[in-house]
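The following note is offered for colleagues who wish to examine this model at the bench. The points are numbered so that each may be checked against the coordinates.

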Amino acid sequence: MFSRWLLASTIVGALVGLIFIYSVDLPQIHELGSYRPISTTILYDDQGRAFGSFALQRRMIAKYADYPKVLYDAVLSIEDKNFEKHPGVEVWRMMVAACHDLRSGANSQGASTVTMQLARNLFLSSERTYTRKVREIMLAVQIERHFTKAQIFTLYANQIYLGHGVYGFATGAEYYFGKSVGDLTLEEAATLAALPKAPNDYSPIRHPQRALRRRNLVIESMAATGRISAAEAATAERSPLLLQVHDNLNSLAPYFVEEVRQYLEKKYGTEQVLEAGLKVYTTLNIDLQDAANHSVLGGLMDYERRHEWRVHLQETSGARGEDSAVRHLKEDSRVQGALVAIDSKTGEVKAMVGGRDFKQSKFNRATQALRQVGSSFKPYVYTAAVDQGARPDDTVLDVPATFMTASGPYSPHNYDEKFEGPITLMHALADSRNIPAVRLAQRLGIKTVIRYTRRFGIHERIPPYLPIALGAVELNLLEHTSAYSTFPNDGVRAIPHYIVKVTDYDGRILEQNYPAVQAVVSQRTARVMTSMLREAVLHGTGVAAVRLKYPVAGKTGTTNNFTDAWFVGFSPSITCGVWVGFDEKNTLGNKETGARAALPIWVDFMATALPRHGFHRDFFPVLEYGELDGKFARRETNSSPAFQGESAGQKADSKLSYLVRSSPVNANAEQSGVDGKRPPQ
């Protein structure tokens with residue numbers, strides 16, 4: 001007995017001496033009051049739901065009130081039963097641990113309180129030495145003198161490491177269970193409380209049986225300390241270990257997240273983005289993004305089935321734990337797809353898919369790829385004509401024609417190699433007839449058409465060649481889709497953007513963005529074009545979209561040799577564009593038009609998106625000419641052709657004779673991607 005007391009006295013004396021020696025070297029505890037750990041920048045959707053993050057460490061900062069009592073009880077039951085009573089250290093517990101280490105010759109007994117663990121995590125290394133332990137004790141005592149128990153627990157709960165790069169119980173709740181820390185059940189709280197002792201050894205992902213035993217030990221400790229009843233403990237111990245791991249928060253919308261990251265780092269710097277815990281409120285909608293992911297992947301799978309690719313399905317849980325499954329191809333044809341959905345009124349980007357697999361290719365085909373747009377370019381040509389006085393019921397000749405250009409004669413063909421004679425502009429656009437589009441472009445002047453595309457926000461270089469009327473021009477999907485949003489928005493284009501608001505760690509607003517708009521065309525022109533593109537869905541190349549129970553309009557696009565397939569369209573409130581093709585610009589295969597490859601993806605997305613978000617109003621009615629400001633007068637006759645071939649002589653001037661005409665353009669059909677055999681659709 002005497003030897004034990006002697007040992008204890010020796011230990012206490014040594015501790016007192018070491019504390020005195022090392023006290024002058026200790027960090028300044030008062031600085032802990034303003035301590036801000038490296039924290040995660042979180043991205044939120046338009047409903048305030050987290051879907052992305054940037055960080056060096058996975059860490060979400062929570063307040064004391066955010067932590068539920070069940071978690072508080074679980075942690076203290078297993079880590080520090082007397083936390084609320086001791087002054088930062090438990091001397092007797094430490095003495096027992098030290099005696100054990102002396103007898104065993106090892107240094108395995110910790111006996112650290114929560115406060116001591118906090119001191120170690122914040123200021124010290126993890127080496128197991130008596131020197132570090134003394135410094136830990138001194139720090140713990142100082143922390144207890146300067147902070148309340150609630151403050152100490154909060155600091156500990158935000159700092160503690162829980163394995164898999166996760167720091168803090170709030171982050172642990174999101175990572176392991178996909179929920180807010182305040183929503184943890186008894187079993188989940190006990191699972192998290194089991195981790196601080198040895199996060200890797202008790203990982204519920206790597207070692208589920210060990211984790212289950214450790215969890216049950218926590219539950220038993222809670223019962224032993226009277227924090228739960230024996231009945232509650234028995235029920236909880238019988239529960240299986242249920243996880244809903246959110247390993248990659250950015251997986252739902254990786255291309256969108258990357259666009260946001262690039263913007264933030266350019267404006268605020270990499271260090272601020274990765275360490276400062278910004279809150280970024282974005283325009284994305286999780287439901288629409290999930291629908292976009294399913295639609296694009298499903299459409300690409302349908303394409304591969306049509307071409308008899310070997311398809312192997314791998315079922316994985318849907319976004320945010322939904323019952324629906326996201327299907328992934330283990331082996332694919334390398335076909336790619338992209339989709340962008342924009343709120344037409346605000347310009348907010350609601351969904352973005354830049355490719356089939358971000359892990360395989362980070363190249364964003366929605367914002368970076370330049371692809372020929374085919375007949376989806378034609379609405380710009382018709383807009384120029386309508387804006388300068390043409391009407392949907394004006395007629396144009398769909399007959400064989402040769403157009404003289406600086407590089408020689410140019411003779412475009414229709415996709416079906418047929419000609420329909422005199423047809424209305426409405427029908428010509430709806431059925432995507434090529435000859436009428438070229439006639440319009442020639443009469444307007446190709447430079448006039450290009451000027452109109454600039455008004456629509458198209459910034460890519462467009463050569464002044466006549467074949468661009470049929471889409472022999474490369475655009476990116478986001479810009480092209482944004483341009484179409486002008487039509488349902490009464491001639492005004494809202495500039496597309498990703499971010500609504502950014503706040504710092506303390507909630508101060510760093511930036512707040514509001515819709516920025518540009519006037520493009522008149523209200524009447526926009527409504528006329530909407531009615532013409534609506535006709536393309538009702539009776540034209542976009543007829544597959546008619547199955548939607550909502551008013552929609554849009555235009556298909558297909559390039560030569562079926563290299564690119566497009567559909568860009570809109571409801572009264574949302575505009576969506578879809579592209580399908582190969583990165584190598586190979587053919588998609590015979591008859592793989594925009595109507596076949598891209599339109600089904602668009603329809604599938606809109607069928608899911610429109611009911612969820614209540615975009616149910618109809619398009620605005622078309623204004624009559626008498627309602628205009630007098631710029632154009634109603635014409636007396638609608639019977640004569642508006643645009644005929646050169647062989648029609650002076651009759652070609654009977655309509656819109658005031659339009660500016662350009663001299664023969666320097667067009668080369670082959671260089672412009674139009675070979676005269678398979679014109680774009």
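**Notes on the sheet, its helix and the cores**

1. Gly-48 adopts a positive phi near 80° in the hairpin of strand 1 and strand 2, where five residues lie between the strands. Strands, like helices, are DSSP runs numbered from the N terminus (E, at least two residues for strands; H or I, at least four for helices). The model is a predicted one, in which local features need pLDDT of at least 70 and side-chain atom pairs count only at pLDDT 80 or more, while totals for chains, interfaces and linings use all residues. Residues are numbered from 1 along each chain as its sequence is written, and side-chain values use heavy atoms, with hydrogens and water left out.

2. The two strands of this hairpin pair in the antiparallel sense over four bridges; pairing requires that DSSP find at least two bridges between two strands. Ile-42 has Ser-53 of strand 2 as its bridge partner. Strand 2 is mostly covered, with five of its five residues buried (buried means under 20% relative accessible area, with a 1.4 Å probe and protein chains only).

3. On strand 1 (residues 41-44), three bridges also lead to strand 5 (residues 279-282), and these two strands run parallel. Here Tyr-44 has Tyr-281 as its bridge partner in strand 5.

4. These strands belong to an open sheet of five strands in the order 2-1-5-17-18, with mixed pairing. Strand 2 (50-54) and strand 18 (509-512) each have a single partner strand, so at these edges one side of each is left without a neighbour in the sheet. From one strand to the next, the twist averages 15°.

5. Helix 11 (residues 254-268) lies across strands 1, 2, 5, 17 (499-503) and 18, at about 45° to strand 2. Axes are lines fitted to C-alpha atoms, for helices over the stretch in contact, and angles run from 0 to 180 degrees between N-to-C directions. Contact means heavy atoms within 4.5 Å.

6. The largest nonpolar core has 79 residues, of which Phe-51, Phe-256, Val-260, Phe-377 and Tyr-382 touch the most other members. Such a core is a set of buried Ala, Val, Leu, Ile, Met, Phe, Trp, Tyr and Cys residues joined through side-chain atoms within 4.5 Å. Leaving aside residues up to four places away in sequence, Phe-256 touches Phe-51, Thr-282, Thr-283, Leu-284, Val-349, Met-352 and Tyr-498.

7. On confidence, the chain averages a pLDDT of 84, and 78% of the residues score at least 70 (pLDDT is the predictor's confidence in each residue, from 0 to 100). Over residues 626-681, pLDDT stays under 50.

Conventions: Buried means under 20% relative accessible area, exposed over 50%, partly exposed in between (1.4 Å probe, protein chains only).
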